[in-house]
Amino acid sequence: MSLGAAMFRATAGPWSLLGPRSAVSLSRMKSVAVAEPEGYRPREEINKRSHIKLKPQKQICKPVLEHFDERYGQELGELWDKVREVLLLPSNWQYAVLVNKFSQCVTFERYLQSRGYYNFLSDVLLLTQHSLRCYISNVQCRFPRLQHCTERLKDYYLLNAASLVPVLALDVQDGERVLDLCAAPGGKSLAILQYATPGFFLCNEYNVLRHQRLKQTLGSFVPEDLRNVISVTDLDGRHIGPQYPQMYNKVLVDTPCSNDRSWLFSSDVLQASMRITERPKLPVLQGQLLRSALEALRPGGTVVYSTCTLSRAENDDVVASVLNSYDNVQAVDLTGLARSLAHNFTFAEGVQYGQLIVPEQGRFWGPMYVSKLLKLR
């Protein structure tokens, strides 16, 4: 089975949710475990020592590294050397803490601040959108992931801070109809719900295992009184646009891609070699998904296309190909958004149709490519 087909293979049957600052060098960074704050009682999962033990060092997949060296060395030049240095040190990767406004855990947020975390969005968003709060730190911390709990909503979600840039670019407004075409594992869907309250929100994921994870994620973070505006489906994203044309004000296409961070540490060398062989087919799938998103979009609406790869073929080239197919779609300039985030993110130069966040020492976020398209009529 091809890589694209394998990533999208799923069973049928939609499921619905019921009911209505300064950078620091790697060599100087400290690694600390998160201790229980005074006056704050995190749930039992946080206190399990197994959740904060250091994991065994990941092993670099040589075929993938050789492939990236050849491809990205040509495309990025000296920039690849800087990015490569960060990507090959997973022990120094960091995760941002997206606070769940629905859990109303004020004490936890104060604890984050006491540990040196700061909300990097406070100077980016308007006051009306400060409910989207994501904390990062200049000190590397091993923050525990929360296990699924049916008794209460989770307080936070860990993610790469760059993953929020597509959400910021999408700029959902209250009451809009929104489609997240490739929604698993659910971090961007959660961020959209922190940002605004859609009138209707379709979260779609075709892959069967990722679809289950998406359902669990939303169930762990979203209160029952908001679930009546959310529908979770497992449809083929390539068909949603033709089947439901001009239904949505905003569409996010966080497309399947050659995830650079993940591929570099593939444990199965044979699988990694197959991925490299199948990689040229990915832009075809990505273009199909982006065209489907544009078909599902109402005139005057916007699509945000994003990947977590450095690959030009999967980023600008896909957008360029789609733009050449439409006379009523144009790219939106994201320079202003990039400028507002420049204190915490590094943006690559020479990107024509969007912005590319690249990791470097002291700024570990990315890779993340973001392009925004406006449908004129």
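# Reasoning through the predicted model

Trainee: Why is Glu-109 called buried?
Mentor: This is a predicted model, and the relative accessible area of Glu-109 in it is 11%. Buried means under 20%. So Glu-109 is buried.

Trainee: Where is Glu-109, and what does Glu-109 touch?
Mentor: Glu-109 is in helix H5, residues 106-114. Leaving out residues up to four places away in sequence, Glu-109 touches Val-99, Arg-133 and Tyr-135. Val-97 is 12 residues from Glu-109 in sequence, and the C-alpha atoms of the two are 9.8 Å apart.

Trainee: What makes strands E4 and E7 edge strands?
Mentor: Start with the sheet. The sheet is open, has four strands and runs in the order E4-E5-E3-E7 with antiparallel pairing. E4 (118-119) and E7 (156-159) each have a single partner strand, so one side of each lacks a neighbour in the sheet.

Trainee: How do you know that E3 and E7 pair?
Mentor: Count the bridges. Pairing needs at least two bridges. E3, residues 96-99, and E7 share four, in the antiparallel sense. One residue pair to look at is Val-99 and its bridge partner in E7, Tyr-156.

Trainee: How does H5 lie on this sheet?
Mentor: H5 packs on the sheet and touches E3, E5 (134-136) and E7. The directions of H5 and E3 make about 155°.

Trainee: Why is H3 called oblique to H4?
Mentor: Helix H3 spans residues 62-76 and helix H4 spans residues 78-87. Their axes come within 7 Å and cross at roughly 140°. Roughly antiparallel would need an angle over 145 degrees, and roughly perpendicular would need 65 to 115. The crossing fits neither range, nor the one under 35 degrees for roughly parallel, so H3 is oblique to H4.

Trainee: Which residues make that contact, and of what class are they?
Mentor: H3 gives Leu-65, Phe-68, Asp-69, Tyr-72, Gly-73 and Leu-76. H4 gives Glu-78, Leu-79, Trp-80 and Arg-84. By class, six are nonpolar, one is polar and three are charged.

Trainee: What makes H3 and H11 roughly parallel?
Mentor: Again, the angle. The axes of H3 and H11, residues 269-278, cross at roughly 25° and come within 8 Å. Under 35 degrees counts as roughly parallel. Therefore H3 and H11 are roughly parallel to each other. Pro-63, Val-64 and His-67 of H3 meet Val-269, Ala-272, Ser-273 and Ile-276 of H11. Five of these contact residues are nonpolar, two are polar and none is charged.

Trainee: How do you know that E9 is paired with E8 and with E10?
Mentor: Two bridges are the minimum. E9, residues 200-204, has four with E8 (residues 177-180), in the parallel sense. E9 also has four with E10 (residues 230-233), again parallel. Arg-177 stands opposite Phe-200 in E9. Leu-202 stands opposite Ser-231 in E10.

Trainee: Which helices link these strands, and what is the hand of each crossover?
Mentor: From E8 the chain runs through helix H7 (residues 187-195) to E9, a right-handed β-α-β crossover. From E9 the chain runs through helix H8 (residues 208-221) to E10, and that β-α-β crossover is right-handed too.

Trainee: Why is H13 called mostly covered?
Mentor: Helix H13 is residues 316-323, and six of its eight residues are buried. The buried ones are Asp-316, Val-318, Val-319, Ala-320, Val-322 and Leu-323. Their cover includes H12 (282-296), E12 (297-307), E13 (329-332) and E15 (368-375).

Trainee: What is notable about phi at Asp-171 and Gln-246?
Mentor: Most residues other than glycine have a negative phi. Asp-171 is not glycine, yet its phi is positive, near 55°. Gln-246 is not glycine either, and its phi is positive, about 50°.

Trainee: Why are Asp-171 and Gln-246 called partly exposed?
Mentor: Partly exposed lies between the 20% and 50% cut-offs. Asp-171 has 27%, so it is partly exposed. Gln-246 has 45%, so it is partly exposed too. Asp-171 is in the loop between H6 (165-170) and E8. Gln-246 is in the loop between H9 (237-243) and E11 (248-254).

Trainee: Where are the cis peptide bonds before Pro-185 and Pro-367?
Mentor: The bond joining Ala-184 and Pro-185 has omega of about 5°, and Pro-185 is in the loop between E8 and H7. The bond from Gly-366 to Pro-367 has omega near 0°, and Pro-367 is in the loop between E14 (355-357) and E15.

Note on methods. Residues are numbered from 1 along each chain as its sequence is written. This is a predicted model: local features need pLDDT of at least 70, side-chain atom pairs count only at pLDDT 80 or more; totals for chains, interfaces and linings use all residues. Side-chain values use heavy atoms; hydrogens and water are left out. Axes are lines fitted to C-alpha atoms, for helices over the stretch in contact, and angles run from 0 to 180 degrees between N-to-C directions. Helices (H or I, at least four residues) and strands (E, at least two) are DSSP runs, numbered from the N terminus. Contact means heavy atoms within 4.5 Å. Ala, Val, Leu, Ile, Met, Phe, Trp, Tyr, Cys and Pro count as nonpolar, Asp, Glu, Lys and Arg as charged, and the others, Gly among them, as polar. Buried means under 20% relative accessible area, exposed over 50%, partly exposed in between (1.4 Å probe, protein chains only). A crossover is right-handed if, with the strands pointing away from the viewer, the path from the first strand over the helix to the second runs clockwise.
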